[in-house]
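User: Can you walk me through this one? I'll fire off questions as I look.

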Amino acid sequence: MKPIRVLIAKPGLDGHDRGALIIAQALRDHGMEVIYTGLRQSAVQIARAAVQEDVDVVGLSSLSGAHKSLFPKVVEALKKEGADDIPVIGGGVIPAEDIPYLEGKGVHKIFTSGSPTDAIAVYIKQLIHQETISTPKKIAHIGIAVESIDAALPFYQHTLGMELEAVEDVESEHVRAAFLRIGETKLELLEPLNETSAIASFLEKRGSGIHHIALEVDDLHKRLQQYKEQGIRMIHDEPKTGAHQADIAFMHPKASGGVLYELWQPGKGE
Amino acid sequence: MTLSSNGQHFKQEWEKNVEKTMQRFPERRRSFHTSSDIPVDRLYTPESLSEDYINQIGFPGQYPYTRGIQPTMFRSRYWTMRQYAGFGSAEETNERFRYLLKQGQTGLSVAFDLPTQIGYDSDDPMAEGEVGKVGVAIDSLKDMEQLFHEIPLDQVSTSMTINAPAGILLAMYIAVGEKQGVPREKLTGTIQNDILKEYIARGTYIYPPKPSMRLITDIFAYCQEHLPKFNTISISGYHIREAGSTAVQEVAFTIANGMAYVDAAIEAGLKVDQFAPRLAFFFNAHNQFFEEAAKFRAARRMWAKIMKEHYKAEDPKSWKMRFHTQTGGSTLTAQQPDNNIVRVTMQALAAVLGGTQSLHTNSRDEALALPTEDSARIALRTQQIIANESGVADTVDPLAGSYYVESLTDQIEKEAGAYLERISEFGGAVQAVEEGYMQREIHQAAYEAQKRMESKEDIVVGMNEYQVDEEIHADLLKVDEALEKGQIEKTKQVREQRNQEIVDRCLQELRNAAAKQDNVMPPIVRAVQAYATVGEIANVLREEFGEYTAM
């Protein structure tokens, strides 16, 4: 694969380029080709350099407080050069409250003080290889742990008035699952088939209740690959087969603030 | 020094104990090092002290000044508490100055905005977005008059962080003094005027090195005659350290730059004892406490030896390294900003124990923005607490005789000396800068420090360890975005009201002086008195000298 080309630029009059130089070096260590413009570049100079050098991404650094006027100008100048397909990212001394403004003006991402250089490199790789995470489609289902589906069903069917769609044994997870449709999503009642089921230990520790939320995605394999690179903790590093022949993987609740998420990609047949 | 036989016995006993203890409790690291990669031993003993302790260290106020440049140091007078401040308009900054003076600050330190520092008026296209952001915007004498409104210049000393256009701002200071009825020979203060470190680390250069060095020696010569109490330069290691150098590099590169200025002045026909007493220095106070305290002591000793032995200066005032210190801005974290108060306290303590002449303590919020009034007050109070409550100022150089500190002092002197030799092989600091030598050394050190931090070999509390979930912002100082327009309007009015004929004549005189190798200061003073702007004056010199572009 062709190496990613990056232009690191210092717009405006700011002379602090320790950060810019460190990031340039770190990206080179990640195998990228990095061009550093040097100090005091105007927006037009930066845009022209980006076009001439045929870069994939432009990184801006400013520590003087002028980012709100300078960064959007670079985005504009790239547009004028017909190069608005080159994404612009930025960093420096930038208060968090300025980030939405900059993103609104077309800056792809702002890295604030303390961002590790590795995270920046990973972000650029994803951005350029079009491996950006797409939004999950919908909530595929909400999993609810129950001692017994038979005992729980009357509440859902009669008290709430929901319709039972299907009951299915999922041998790989040692559970029996009952699906109740609600709008474009479902509730999934989960009953352990034996002691080794994760649902059995959940019930033992916490009693019955909400177990997980399943998000429908269409890029499960790619996501898992990216999460691995980013060091995001997963329960399943590889997709497994779940109910309805869907591909699934659970994220570790430590990675998601205590909520158990299942990534759920519908099977081919559905 | 060697140990007595009794001492040897106890030492061996201890070494045995170490071995036993290490089997059960291994040390935290295989080896320990300072920021400059100087190995740190487990224990320092009288054996680390030089046999010739008294000659090597000396007494306070005596050559080679390891223990300080005055005989009584802070027992007579505390260091000058000098907080760097400036933002927005001259009126706003004047208000902050008067607040700080009322709070007990003893000297002023002006931060100029980037257009001023690079010689652009606020209405120059290059200035767009930068007006009033990192300091106060000064275009004409009118702004300078407002900046010092009701601040009597015969009663405060003022430090100005200004380099390439140092002569212009100094000329404005002289002009404001005259309007207040203060003659120039009574003015006290410092201009930074250190262009070499701008090429190396800070970036606010305008002209190429040669004409820049000439501007500096013109200022030396002018001040010697007219402003005998003004420090003509502040040779700065601060920014070199901020750019990522080690403590040893900071000392070495600063002294190398200092030697380049001395060489240039001598070449311009000045006598060393005429200008050397007005040279001042500016260092960083970073995290590693003992290394920093030792650094100041080592730098002082090195400079004294160089001035006496190498330059044959005869006036003891020429041997004394007087320096300002600022705590290390790049050590502050955006995360958990209140922790920065603690960092600043320790850094400030190292500077005081290192015998600084004046001190700026950073504010807790400076990793995020310019300081708010509250933060600036806490920073000043930190110095006042060290001075008034800790007792560290009650005896001179209390760390002297510490086996560790003396050993570090010797080691820093030795390693910085090796760098000086390397730089002299290049032909001096100007050549080393032009070839990018110091820039590369600093970048290398900065990158290694970054990697140590990312691998958590170096822990930064609250940043890569001991984090909390927090919203990083707090109450930040915001510079009014409308200010730029107002400043442009003000300067436009100044241009309309002044006598353009006089301005043109003054600028022509300046052009002639620049071309003819005459001292440029007298025409610059006349030009600012006629309300010529910073940009207009700097542009005349741009046309004569050309502009520097980095590699």
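User: How do strands E10 and E13 of chain A run, and how many bridges join them?
Analyst: This is a predicted model. In it, strand E10 (residues 209-216) and strand E13 (residues 261-265) of chain A run parallel, joined by 4 bridges.

User: Which residue stands opposite A:Leu215?
Analyst: A:Leu263, in E13(A).

User: What's the strand order in that open sheet of chain A?
Analyst: E7-E8-E9-E6-E10-E13-E12-E11, so 8 strands with mixed pairing. The edges are strand E7 (164-170) and strand E11 (240-241), and each pairs on one side only.

User: What does helix H6 of chain A lie across?
Analyst: Helix H6 (residues 149-159) lies across E7, strand E8 (175-182) and strand E9 (185-192) of chain A. The angle to E8(A) is about 5 degrees.

User: Switching to cores. Which residues touch the most other members of the largest nonpolar one?
Analyst: A:Val58 and A:Val74, in a core of 192 residues. Helix H10 (residues 247-267) of chain B supplies the largest share, 12 residues.

User: What is A:Val58 in contact with, sequence neighbours within four places aside?
Analyst: A:Leu7, A:Ala9, A:Ile46, A:Ala50, A:Val74, A:Ile86 and A:Val88. Another core, of 18 residues, lies apart from the largest one. Its members include A:Val175 and A:Leu190.

User: Now the interface. How many residues of each chain are in contact?
Analyst: 31 of chain B with 27 of chain A. On the chain B side, helix H4 (114-117) and helix H18 (437-454) are the elements giving two or more residues. H18(B) gives the most, 5 residues.

User: How does the chain B side divide into nonpolar, polar and charged?
Analyst: 17 nonpolar, 9 polar and 5 charged.

Definitions and conventions:
Residues numbered from 1 in each chain as written. Chains lettered and ligands numbered in written order. Predicted model: local features only at pLDDT ≥ 70, side-chain atom pairs only at ≥ 80, totals over all residues. Core = buried A, V, L, I, M, F, W, Y, C linked by C-beta atoms within 7 Å. Buried ≥ 20, exposed ≤ 12 C-beta atoms within 10 Å, placed from the backbone. Contact = placed C-beta atoms within 7 Å. Pairing = 2+ DSSP bridges. Axes fitted to C-alpha atoms, helices over the stretch in contact; angles between N-to-C directions. Nonpolar A, V, L, I, M, F, W, Y, C, P; charged D, E, K, R; others polar.
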